[in-house]
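Let's take a walk through this structure together, starting from a single side chain and working outward to the helices around it. Keep the model open as you read.

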Amino acid sequence: MKRGIFISIEGPDGSGKSTQISNIKKFFEDKNLEIVFTREPGGTAIGDRIREILLDNNCKEMDYMTEAMLYAASRAQHVSQVIKPALAAGKIVICDRFVDSSMAYQGYGRRLGESVSVINSYAVAGCMPDVTFLMKLDPGIGKRRVSSRNQEDRLESEKVDFHQEVYNGYLQLEKDNPDRIFGIDASRGIEEIRDDIYKKLEEVLSGVIK
Ligand code: ADP
Ligand code: TYD
């Protein structure tokens, strides 16, 4: 099967993902390489409807397992409808959050542990990123950076302890997946971070994914 390149971006809220996604888009544009940009939860019409439920502040009573399954359901649709076909067509797919978000937020943050990887093994169906950029930033700093942003969604409005657990989860995932997850010190300046990402992308393009 013809295979494109699959890149995901992860990290706490406010860690600079969107900022660096703009840089990543520019990296490929400058090379005249077409990309498919997408995000989770969402990325499809069905996924966007699931996203509304997940982020709705009126759904505070949501059971954690329901939450994990809804993220996985959105992902299953996204993988089958968007990501797999794009990769099969040899395209470069850039995804704002993917399965590591579930491992960090639901697995560690909600303490659902191993069940989250089991559910998600069905959702991703073997389709994993070639490289994942993890924006490493203390969640408290991320929260301050976005404090002026519009109203917090259901996940963002969780307590500091939850966001710290999520962040510790991300650091553990980085340790467990050194070949795939590329950790970035996101407390530095935007250009410095961009330069690290561009270096890694050059490696990915030349087929040296380390
Ligand atoms: P995310 O998509 O992870 O929520 P954003 O890219 O939207 O994060 O960044 C959150 C805020 O922090 C924005 O106001 C952005 O301009 C700012 N920001 C992004 N990167 C940096 C950085 N390296 N240093 C300081 N502020 C940053
Ligand atoms: P979003 O607005 O996309 O957040 P951000 O701008 O920070 O990327 O909202 C997605 C929220 O959902 C975010 O708080 C992280 C959370 N999330 C999970 O808890 N599990 C998941 O599997 C995914 C994809 C996201």
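Our starting point is Leu-70, which sits in helix H3; helices (H or I, at least four residues) and strands (E, at least two) are DSSP runs, numbered from the N terminus. A word on the ground rules: this is a predicted model, in which local features need pLDDT of at least 70 and side-chain atom pairs count only at pLDDT 80 or more, while totals for chains, interfaces and linings use all residues. Residues are numbered from 1 along each chain as its sequence is written, chains are lettered from A and ligands numbered from 1 in the order in which they are written, and side-chain values use heavy atoms, with hydrogens and water left out.

Is Leu-70 buried or exposed? With a relative accessibility of 22%, Leu-70 counts as partly exposed, a class that falls between buried (under 20% relative accessible area) and exposed (over 50%), using a 1.4 Å probe and protein chains only. If we set aside neighbours within four places in sequence, Leu-70 is in contact with Ile-50, Ile-53, Leu-54 and Met-62, where contact means heavy atoms within 4.5 Å. For a sense of scale, Leu-70 is separated from Ala-186 by 116 residues in sequence and by 29 Å in space, C-alpha to C-alpha.

Those contacts lead us to the pairing of helix H2 (residues 45–55) with helix H3 (residues 64–88), whose axes come within 9 Å and cross at roughly 160°. Axes here are lines fitted to C-alpha atoms, for helices over the stretch in contact, and angles run from 0 to 180 degrees between N-to-C directions. H2 and H3 are therefore roughly antiparallel to each other, the label for angles over 145 degrees. Their crossing is left-handed, that is, the near helix is turned anticlockwise from the far one by less than a right angle. On the H2 side the contact is made by Ile-46, Gly-47, Ile-50, Ile-53, Leu-54 and Leu-55, and on the H3 side by Glu-67, Leu-70, Tyr-71, Ala-73, Ser-74 and Gln-77. Sorted by class, this contact has 8 nonpolar, 3 polar and 1 charged residues; Ala, Val, Leu, Ile, Met, Phe, Trp, Tyr, Cys and Pro count as nonpolar, Asp, Glu, Lys and Arg as charged, and the others, Gly among them, as polar.

Now look around H2 itself. Its buried residues are Gly-47, Ile-50, Leu-54 and Leu-55. They cover an arc of only 120° around the axis, so they lie on the same side of H2; the arc is that of the directions from the helix axis to the C-beta atoms. H3 is included in what covers these buried residues. The face turned away from the buried side carries the exposed residues Ala-45, Arg-49 and Glu-52.

H3 has another partner. The axes of H3 and H5 come within 8 Å and cross at roughly 25°, and the two helices are therefore roughly parallel, as angles under 35 degrees are called. This crossing is right-handed, with the near helix turned clockwise. From H3, Met-65, Ala-68, Met-69, Ala-72, Arg-75, Ala-76, Val-79 and Lys-84 meet Ser-115, Ile-119, Asn-120, Ala-123 and Val-124 of H5. The residues of this contact divide into 9 nonpolar, 2 polar and 2 charged.

Next comes helix H4 (residues 99–109), which is mostly covered, with 9 of its 11 residues buried. What covers them includes strand E1 (5–10), H3, helix H5 (114–124), strand E4 (131–136), helix H7 (160–176) and strand E5 (181–185).

Finally, a few backbone details deserve a look. Most residues other than glycine have a negative phi, and most peptide bonds are trans. Arg-97, in the loop between strand E3 (92–96) and H4, has a positive phi near 75°; Arg-97 is buried, with a relative accessible area of 12%. H4 is followed by Arg-111, whose phi is positive, near 60°. Ala-125, in the loop between H5 and E4, has a positive phi near 45° and is partly exposed at 41%. A cis peptide bond joins Glu-40 and Pro-41, with omega about -10°, and Pro-41 lies in the loop between strand E2 (35–39) and H2.

Methods:
Parallel < 35°, antiparallel > 145°, perpendicular 65-115°, else oblique.
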